[in-house]
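This report describes selected features of one protein chain for a reader new to structural work. Please examine the sequence and the structure before reading on.

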Amino acid sequence: MKVVSFFSGLGGLDKGFLDAGYEIIWANDFDKFAVQTYRANFGSHIVLGDINEILLEDIPDCDVMIGGFPCQPFSMMGQQKGFEDARGTLFFRIAEILDHKIKKGKKPKAVILENVRSLKTHNNGNTYNTIHRILEKELGYRVFCNILNSADYGVPQTRNRTYIVCFHREVAYEFPPVQELDSTLQDLLEREVGDKYFLSDRILPTILSNGTGGYKAKSEIDLKVARPLCATMAKMHRACQDNYVTQNGRIRRLTPRECARLQGFEDTFVIPVSDCQAYKQFGNAVTVNVSRAVAWSVKETLKKMGEWTE
């Protein structure tokens, strides 16, 4: 099955589909550092550039279309501007691409989209209702939606994300069943790390505080299941938001390799960028374990439909 991937980042969503036997023939992202990481691990089929500026005719036909379209407009951590934000309109670009394929007679058999947990509730549900209406009423897809947590698919990280799975005709589909978590954050820690990852005595009181002024939240470290990795980890937020662990009697932040593990990437995954860029990329990434589980469930459904091709 040939797959086209949008907003690919460092390739978390793509990796899951590759593991399930799909072929990624074309990918795209506008972040040059994310594209650098993607190319170092998956190949040169990723195109650097703004998807709004890429000609529709230059996007290849495919069997399956995937994409974790930018979440900032819908995130609970942002201002939740939704479609009022230019980035929010990127979903409409996906719809435009799909419409172009349909008019050519090259309608993808399945479309898989990923976004933040709050997508369905943003703006009293109007944002998701618009997305659902466009996919189902205007583009003719059967739409399924669910919130999946990385901790339910073998990764010790609480990371709830919305998955929208669409098929080009009527079909019965079930999201992949949850799995028992048999590992902890501590199981994924590196045994020897550089001194730069340890917190200084000067910054410790700030990191471990429960907040100031009108913002109060409980700070905890050494969690068994990690908090959600975020794109701004390089800024070292308080321990009520970021993950910190104790090692050899000292408190430290997570390393980029540990963040990679918390997103389901094997240690063979190449990290060719700076720590700052790596934190951003892994904080934005789709967890490979969840992507792979969804990819397999879509594959099984396509097989039942008689439409899976190697």
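Helices (at least four residues) and strands (at least two) are DSSP runs, numbered from the N terminus. The model discussed here is predicted. In this numbering, Phe198 belongs to the loop between strand S7 (160-167) and helix H5 (204-208).

**Phe198 and its surroundings**

Is Phe198 buried or exposed? Buried means under 20% relative accessible area. Phe198 has 13% relative accessibility and therefore counts as buried. Leaving aside residues up to four places away in sequence, Phe198 touches Val193, Gln247, Arg250, Ile251 and Arg252. Between the C-alpha atoms of Phe198 and Ile147, which are 51 residues apart along the chain, the separation is 34 Å.

**The hairpin of S8 and S9**

Strand S8 (residues 244-247) pairs with strand S9 (residues 250-253) in the antiparallel sense, over 4 bridges. Within this pairing, Tyr244 is placed opposite Arg253 of S9. The hairpin has 2 residues between its strands, and Asn248 adopts a positive phi near 55°.

**Positive phi in the loop between H5 and S8**

Two further residues with a positive phi are listed below; Asp222 is located in the loop between H5 and S8, and Met236 is also placed in the loop between H5 and S8.

| Residue | Phi |
|---|---|
| Asp222 | about 60° |
| Met236 | near 55° |

Neither entry is a glycine: this holds for Asp222 and for Met236. Because its relative accessibility is 29%, Asp222 counts as partly exposed.

**Nonpolar cores**

In soluble globular proteins, nonpolar side chains tend to be buried together. Here the largest nonpolar core contains 58 residues, and those with the most contacts inside it are Phe17, Tyr22, Val64, Ile112, Phe167, Val294 and Val298. Helix H8 (residues 288-304) supplies the largest share of this core, 7 residues. Another core, of 29 residues, lies apart from it and includes Ile59, Cys62, Val143 and Ile164.

Which residues does Ile112 touch, not counting those up to four places away in sequence? They are Phe17, Val64, Met65, Ile66, Gly67, Ile164, Val165, Val294 and Val298.

**The second largest pocket**

The second largest pocket holds about 200 Å³ of space. It is lined by 13 residues, of which Glu174, Ser297, Glu300, Thr301 and Lys304 are the closest to its centre. By character, the lining of the second largest pocket comprises 8 nonpolar, 2 polar and 3 charged residues.

How values were computed. Residues numbered from 1 in each chain as written. Predicted model: local features only at pLDDT ≥ 70, side-chain atom pairs only at ≥ 80, totals over all residues. Heavy atoms only, no water. Core = buried A, V, L, I, M, F, W, Y, C linked by side-chain atoms within 4.5 Å. Buried < 20%, exposed > 50% of the residue type's maximum accessible area, 1.4 Å probe, protein only. Contact = heavy atoms within 4.5 Å. Pairing = 2+ DSSP bridges. 1 Å grid on protein atoms, 1.4 Å probe; cavity = no way out; pocket = protein on both sides within 12 Å on 5 of 7 lines; lining within 4 Å. Points joined across faces, edges and corners; volume = space filled by probe spheres on them. Nonpolar A, V, L, I, M, F, W, Y, C, P; charged D, E, K, R; others polar.
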